[in-house]
Amino acid sequence: MKYFINTMGCKLNENDSEKIAGMLIEMGYEETTSPLDANIVVFNTCCIRENAEEKLFGKLGELKNIKAKNNMIICVGGCMSQEEHVVEKIKQSYNYVDVIFGTHNLHKLPEMIQNRIEENKKQIDVWDIDGIIVEDLPMKRTSEKNALVTIMYGCNNFCSYCIVPYTRGRERSRKPEDILKEVRELASKGYKEIMLLGQNVNSYNGGENYNFSNLLRDIDKIEGIDIVRFMSPHPKDFTDDVIDAIAESKSVCKVIHLPLQSGSSNVLKLMNRKYTKEHYLNLVEKIRAKVPGVSFTTDIIVGFPGETEEDFEDTLDVVRKVDFEQVFMFIYSVRKGTVAERMDGHIPEETKSTRFNRLKELADSMTAESIKKYVGTVQKVLVEGESKTNPDVLTGRTRSNKIVNFVGDKNLIGKEVDIEITSEHVWYLKGNVVID
């Protein structure tokens, strides 16, 4: 019996899918790379983008005619299943879906599948209340070198464009001892890199005055973990103690993903982001003053309702001043149920596309320029494996998350090695192993 998981969306969803895979393996299923061969197909959905629903419904339609052949059980979970209109559409138009579960009762999936098999009845169980944090779920990691570690669930910010607080619930933090236990176990298994995950990771609250900076410092003490990344922080919660912890840590990477969303204070207020353009730029300068060599990546939404040409120019201004190493750009799309859906001043699609292209042109030119600074330097690279296009070439990532290709012995895989960068290309760097 085989399973297939289709994961949509963010790193949190990827980590949830690792747990789903672990539970299915415990039930006796084996992974397959194609839904056509699967007896169980799980869609772990995301609802951040508007076209996510179209993608899900298209995939469900593709399975309709092969479901009977494999006696297939089709499951839909994740953020989209927390939206009532999505669940209703599945029930009405895709009634061959067997199991619908939410973000708060992921641990109940094996029970729901078993009930579907034994009772031959559709199983729908979506909790509206915030779920408890269930520890020690089985997990099938997608990598043997770097691991995702969720430290908190939910969000309290209610950005006006975002549906996540309604689908993931309010903020709930894992206990520090549970997180540290997981990280130590990863280190004992040879993992060198971890990424700490949360919708608003730097508002982590471990209780008794234990916050995100305390967690970073404690993880930094764990032997064997060389690289610690985290996402996504919120600028309003980027406190001095967190900056100090990053500066003083040997393992926490000095590349920070700091979502901007807009460079206009007016638009940021409409977005309910709780900071201004000036606050963001001052925060960047404060971090740079305390963390030598730090670099930044960011998220930006183009064409938010009410965004004027002047507002958009403010965004371009911030991009120029911060000199981001990478910008993840999104054209604003309406999410049903959000405050922004009901706002005045929605921007015409043509205007949004034009602004997006202008931002992309600026960001791409700055990224191309910034990558040149790596040439001639020696970078620590965690070797991930063979290049997908050439088995004679190894590939890995720098601590600033740049892909590096180089020729080296296969026994370097899984190790962090020094690489002298010899040339830069659009999406990757080339280099040579530094011989001691």
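In this predicted model, six strands line up as an open sheet in the order E2-E1-E3-E4-E5-E6, and the pairing is parallel. The two ends of that row are taken by strand E2 (30-31) and strand E6 (123-125). Each of these edge strands has just a single partner strand, so one side of each goes without a neighbour in the sheet.

For E6, that partner is strand E5, which covers residues 99-101. The two run in the parallel sense and are held in register by three bridges. One of the residues involved is Phe101, whose bridge partner in E6 is Asp125.

Helices come into the picture next. Helix H1, spanning residues 11-26, packs on the sheet and touches strand E1 (2-7), strand E3 (40-45) and E5. The direction of H1 makes about 170° with that of E1. Helix H2 (residues 52-63) lies across E1 and E3 too, along with strand E4 (73-78). Set against E3, helix H2 runs at about 175°. Strands E1 and E3 thus turn up in the contacts of H1 and also under H2.

Further along the chain there is a barrel. Five strands make up this closed arrangement, going round as E15-E16-E17-E19-E18, and here the pairing is mixed. From one strand to the next, the twist averages 50°. Strand E15 (residues 378-386) pairs with strand E18 (residues 416-424) in the antiparallel sense, with five bridges between them. Val378 offers a handy example: its bridge partner in E18 is Glu420.

Definitions and conventions: Residues are numbered from 1 along each chain as its sequence is written. This is a predicted model: local features need pLDDT of at least 70, side-chain atom pairs count only at pLDDT 80 or more; totals for chains, interfaces and linings use all residues. Side-chain values use heavy atoms; hydrogens and water are left out. Two strands pair if DSSP finds at least two bridges between them. Helices (H or I, at least four residues) and strands (E, at least two) are DSSP runs, numbered from the N terminus. Contact means heavy atoms within 4.5 Å. Axes are lines fitted to C-alpha atoms, for helices over the stretch in contact, and angles run from 0 to 180 degrees between N-to-C directions.
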